[in-house]
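Reader: Please look closely at the pockets of this model and at what lines them. From there, follow the lining elements into the charged pairs and the buried residues.

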Amino acid sequence: MDFIIEAVLKAVKHLYQTEITADSVNLQETRKEFEGQVTIVTFPFIKFSRKSPEQTGAEIGEYLKESLPQIAAFNTVKGFLNISLTDAYWLDQLYKEILPEDFAVFKPNGKKVMVEYSSPNTNKPLHLGHVRNNLLGFSLAQILSAAGYEVIKANLVNDRGIHICKSMLAWQLYGNGETPVSTGEKGDHLVGKYYVIFDKEYKKEIEFLKSEGQTEEEAKKNAPLIKAAQEMLQKWEAGDEDVINLWKTMNTWVYDGFGKTYKRLGVEFDKFYYESNTYLLGKDIVEEGLAKDVFFEKPDGSVWIDLTTDGLDEKLVRRSDGTSVYMTQDLGTAQLKYDDFDMNESIYVVGNEQDYHFKVLFLILQKLGKSWAKGLYHLSYGMVDLPSGKMKSREGTVVDADDLIDEMEKTAKEQTEALGKVNDSTEEEKLHLYHTIGMGALKYFLLKVDPKKRLLFDPNESVDFQGHTGPFIQYTHARIKSVLSRAEVNFAAQIDIAALDAVERDLIVVLTQYPAIVSEAASSHNPALIANYIYELAKTYNKFYHEKSILQAEDDLLKIFRLQLSSASAKIINKGMALLGIEVPERM
């Protein structure tokens with residue numbers, strides 16, 4: 001719409017003898033209750049025109065209509081000038097922009113970005129919170145890649161620490177040598193089971209020590225199990241061969257389990273970082289901070305940074321015994337990632353309970369003079385809740401990702417069979433379809449909400465074929481493909497339509513918006529913009545489908561034109577859903 005902006009600049013100069021810049025022209029999509037497709041906000045111009053917003057809009061509208069052949073009509077509503085573009089303009093958009101193969105294909109922009117997501121602990125399976133994290137991270141990576149960035153998908157695995165030792169110790173004490181092979185249990189579930197067992201036995205020991213007269217705090221410190229776990233961690237850090245071998249074995253089980261869950265979720269990674277390799281990093285950054293007087297040492301030998309002038313507090317970066325804290329590791333890992341990839345932007349997909357941590361981390365790196373720190377971004381997201389009683393967890397507190405995927409496939413099967421949509425499919429096709437619909441429902445429901453918002457996930461609502469859901473969009477795509485399969489179409493032919501019907505024009509208008517939506521979703525790190533756009537496109541297509549005959553159109557040219565519109569709609573639904581990591585079936 002640059003041609004409209006240029007014409008507005010000329011109009012203001014001609015009518016009011018004032019030069020303005022392009023960024024002072026605010027173009028919006030016309031609201032549905034008014035005539036038009038493009039709206040110009042005229043309030044900023046009244047200081048030059050010294051007239052009412054309506055009069056100013058009318059004068060600019062007349063100038064535009066006389067100077068631009070693409071403008072069919074205009075109307076003013078208060079400070080808004082609504083422009084209707086000609087059918088010839090919209091047909092030109094369809095044939096020259098939308099239908100060609102390179103529509104919404106962005107050229108490489110020369111920028112490199114890392115998206116770090118998932119970050120699981122190796123002491124338990126992935127859960128519902130991880131699902132939102134993985135889907136957000138993967139989708140954002142797809143969007144950035146589509147917008148022209150070179151993207152590195154990274155996963156920092158928390159594979160060390162006291163929590164891992166708890167699972168290891170419990171397996172040693174109570175596991176009787178069982179393995180994923182001997183039990184048939186998925187590796188991450190097996191290890192997670194022993195983390196739960198540790199917790200249960202540890203609580204028993206605390207209660208026993210309290211009955212012997214110890215306080216809660218004393219009992220928590222003195223329980224034999226926690227002491228044994230701490231001793232195991234010290235042995236791990238000292239490189240004890242037996243402990244290291246057990247750690248490697250149990251982590252291998254977990255990674256095998258994670259790999260299966262990632263595959264079912266449809267997410268992948270280009271680079272893995274492991275905390276066992278990075279936890280000692282950052283110590284040289286502490287020395288650098290002391291040398292630059294960014295950090296200071298307290299009398300007990302601990303090292304801190306004072307952020308009180310920035311509205312934050314004092315932050316510990318090294319303990320008095322010389323050991324690292326999480327902040328130290330994150331400083332070192334941030335430097336390592338930059339050294340490895342030299343990227344322009346590094347995005348951390350982490351829940352909003354870590355907002356303060358990242359604010360501090362980024363500020364410290366800026367104060368240390370790291371030029372790349374300005375490219376750090378925390379994609380913060382809210383918790384996911386389930387309606388109470390909907391799904392039980394094997395651990396009783398959080399919902400396991402594998403159980404959730406099973407539940408989604410089961411719900412998709414029930415809804416699909418109830419609607420009689422799979423009567424002529426093979427068993428293999430049915431299973432694939434249930435997975436596709438179930439995952440489409442889950443992913444769409446979690447991604448259509450702004451990441452910052454907490455959300456309530458209802459499995460049944462997410463699979464509704466008539467709602468604001470993934471399956472509604474998937475069904476729309478299958479419907480279009482069904483229509484297209486029944487006709488031979490020459491997509492290269494440019495059809496000259498005398499006049500567009502409103503619903504045809506609306507569909508072209510929505511299709512033209514796709515590249516701008518991709519750009520905006522990339523710059524704002526928000527997959528919800530893509531999700532909600534694709535829903536609007538599917539709704540608009542369904543309105544067109546119900547109001548206009550396609551295969552039985554009044555003449556052959558109109559039939560070809562409507563098939564071309566249908567094909568373009570299917571192409572953008574497919575592309576947009578792929579950016580969310582969602583597959584769209586050819587038939588349902």
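**The pockets and their surroundings**

Author: Helix α14 gives the largest share of the lining of the largest pocket, namely 6 residues (helices, H or I, of at least four residues and strands, E, of at least two are DSSP runs numbered from the N terminus; a pocket is an open set of points on a 1 Å grid over the protein atoms alone where a 1.4 Å probe fits, with protein on both sides within 12 Å along at least five of seven lines, and lining residues have an atom within 4 Å of a point). The model is predicted, so local features need pLDDT of at least 70 and side-chain atom pairs 80 or more, whereas totals for chains, interfaces and linings use all residues. Residues are numbered from 1 along each chain as its sequence is written, and side-chain values use heavy atoms, without hydrogens or water.

The largest pocket holds about 1,000 Å³ of space (the volume filled by probe spheres set on points joined across faces, edges and corners). Its lining consists of 40 residues, and those nearest the centre are Ser-119, Val-350, Gly-351, Glu-353 and Gln-354. Two or more lining residues come from each of α5 (128-146), α12 (275-278), α14, β11 (345-351), α15 (355-367) and β13 (384-385). Sorted by class, this lining has 15 nonpolar, 18 polar and 7 charged residues (nonpolar: Ala, Val, Leu, Ile, Met, Phe, Trp, Tyr, Cys and Pro; charged: Asp, Glu, Lys and Arg; polar: the others, Gly among them).

Helix α14 also carries one end of a salt bridge (a side-chain nitrogen of Lys or Arg within 4 Å of a carboxyl oxygen of Asp or Glu): Lys-337 pairs with Glu-116, and their closest N and O atoms are 2.6 Å apart. Because Lys-337 sits in α14 (residues 326-341) and Glu-116 in strand β5 (residues 112-116), this pair ties together parts that are 221 residues apart in sequence. Lys-337 and Glu-116 are both buried (buried is under 20% relative accessible area, exposed over 50% and partly exposed in between, with a 1.4 Å probe and protein chains only). In total, the structure holds 38 salt bridges.

The second largest pocket encloses about 800 Å³ of space. It is lined by 26 residues, of which Glu-29, Thr-30, Lys-32, Asp-506 and Val-510 are the closest to its centre. At least two lining residues come from each of α20 (502-512), α21 (514-524) and α22, and α22 gives the largest share, 8 residues. By class, this second lining divides into 9 nonpolar, 7 polar and 10 charged residues.

Of these helices, α20 is mostly covered, with 8 of its 11 residues buried. The buried residues of α20 are Val-503, Glu-504, Arg-505, Leu-507, Ile-508, Val-509, Val-510 and Leu-511, and they pack against α4 (87-98), α21, α22 and α23 (556-579) (contact means heavy atoms within 4.5 Å).

Helix α22 holds a salt bridge of its own, between the side chains of Lys-539 and Glu-536, at 3.4 Å from N to O. These two residues are 3 apart in α22 (residues 527-547), so about one helical turn separates Lys-539 from Glu-536. Both ends of the pair are partly exposed, Lys-539 at 37% relative accessibility and Glu-536 at 30%. Elsewhere, salt bridges with shared partners join Lys-186, Asp-188, Arg-264, Asp-402, Asp-406 and Glu-409 into one network.
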